[in-house]
Amino acid sequence: MSGGVEWALHCCVVLTSAEGPVPATRLAELHDVSASYLAKQLQALSRAGLVRSVQGKAGGYVLTRDPASITVLDVVEAVDGPDQAFTCTEIRQRGPLATPAESCVVPCAIARAMAEADAAWRAALRAVSIADLVRGVDSDYGPGAMAGIRAWLTVPDA
């Protein structure tokens with residue numbers, strides 16, 4: 001999983017506290033990350049329909065749906081794509097003891113185990129929403145963390 005997923009998730013959480021659109025540069029400043037790097041993650045979220053860009057002087061990004069309806073898996077797939085983490089290359093068909101391709105009618109035990117793990121991982125990420133993550137912010141970062149983010153976002157750029 002790319003590091004962009006973490007940044008995208010943090011942005012989605014932050015956008016829940018915003019009273020209006022938040023510029024990418026402001027999100028980048030809040031997270032102390034390159035604005036150009038973060039812009040790529042926001043563009044991926046936008047292409048997936050999870051955020052939208054609002055143009056103009058007071059423009060920026062807003063969530064397109066209720067945070068309870070955006071899952072962590074939605075964000076992962078927006079940034080990294082929907083492909084499984086493991087790709088079987090049919091190693092069993094190689095080398096001096098290669099299994100003939102016509103005998104490989106079902107995935108091998110390794111491919112099955114990896115597919116099961118991927119399915120379990122996706123199910124776990126599908127079960128957690130952005131709203132769930134927001135509920136944990138104050139306990140993870142300290143009381144009033146979300147209120148502090150909201151206040152910081154409402155102060156104009158210095």
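Which residues of helix α3 are buried? In this predicted model, the buried residues of α3 are L38, A39, Q41, L42, A44 and L45. They pack against several other elements, namely α1, α2, β1 (51-54), β2 and α4. Helix α3 itself runs over residues 35-47. Its geometry can be checked against a simple expectation: at 1.5 Å a residue, the 13 residues of α3 should span 18 Å, and the end C-alpha atoms are indeed 18 Å apart, so the two values agree. Just after the helix, G49 adopts a positive phi of about 80°.

One of the partners of α3 is helix α2, which comprises residues 24-31. The axes of α2 and α3 come within 9 Å and cross at roughly 115°, and the crossing is right-handed. On the α2 side the contact is made by A24, T25, L27 and A28, while α3 contributes A35, L38 and L42. In chemical character, the residues of this contact divide into six nonpolar, one polar and no charged.

A35 deserves separate attention within this contact. The residue is placed in helix α3, and it counts as partly exposed because its relative accessibility is 34%, which lies between the 20% limit for buried and the 50% limit for exposed residues. Apart from its neighbours within four places in sequence, A35 is in contact with T25 and A28. A35 and A24 are eleven residues apart in sequence, yet their C-alpha atoms lie 6.6 Å apart in space.

The chain between the two helices also has a notable backbone conformation. D32 is placed in the loop between α2 and α3, and its phi is near 55°, a positive value in a residue other than glycine. D32 is exposed, because its relative accessible area of 71% is over the 50% limit.

The discussion now turns to the nonpolar interior. In soluble globular proteins, nonpolar side chains tend to be buried together. Here the largest nonpolar core has 35 residues, and those with the most contacts inside it are L15, L27, L38, L42, L45, V75 and I130. The elements that give two or more residues to this core are α1 (3-15), α2, α3, β2 (60-63), α4 (72-80), α6 (130-141) and α7 (145-154). Of these, α1 gives the most, with eight residues. L27, L38 and L42 also belong to the contact of α2 with α3. For L45, the contacts outside its neighbours within four places in sequence are with A8, C12, L50, V51, V75 and A78.

Helix α6 offers a second view of the interior. I130, A131, G136 and V137 are its buried residues, and what covers them includes α1, α4 and α7. Its length can be tested in the manner used for α3. At 1.5 Å a residue, the twelve residues of α6 should span 16 Å; the end C-alpha atoms are 16 Å apart, and therefore the expectation is met.

A further loop residue with positive phi is E90, placed in the loop between α4 and α5 (109-126). Its phi is near 55°, and E90 is a residue other than glycine. Which class of accessibility does E90 fall into: buried, partly exposed or exposed? E90 counts as partly exposed because its relative accessibility is 22%, a value not under the 20% limit for buried residues and not over the 50% limit for exposed ones.

Notes:
Residues numbered from 1 in each chain as written. Predicted model: local features only at pLDDT ≥ 70, side-chain atom pairs only at ≥ 80, totals over all residues. Heavy atoms only, no water. Axes fitted to C-alpha atoms, helices over the stretch in contact; angles between N-to-C directions. Helix = DSSP H or I, 4+ residues; strand = E, 2+ residues; numbered from the N terminus. Left-handed = near helix turned anticlockwise from the far one by under 90°. Contact = heavy atoms within 4.5 Å. Nonpolar A, V, L, I, M, F, W, Y, C, P; charged D, E, K, R; others polar. Core = buried A, V, L, I, M, F, W, Y, C linked by side-chain atoms within 4.5 Å. Buried < 20%, exposed > 50% of the residue type's maximum accessible area, 1.4 Å probe, protein only. Expected span 1.5 Å × (residues − 1).
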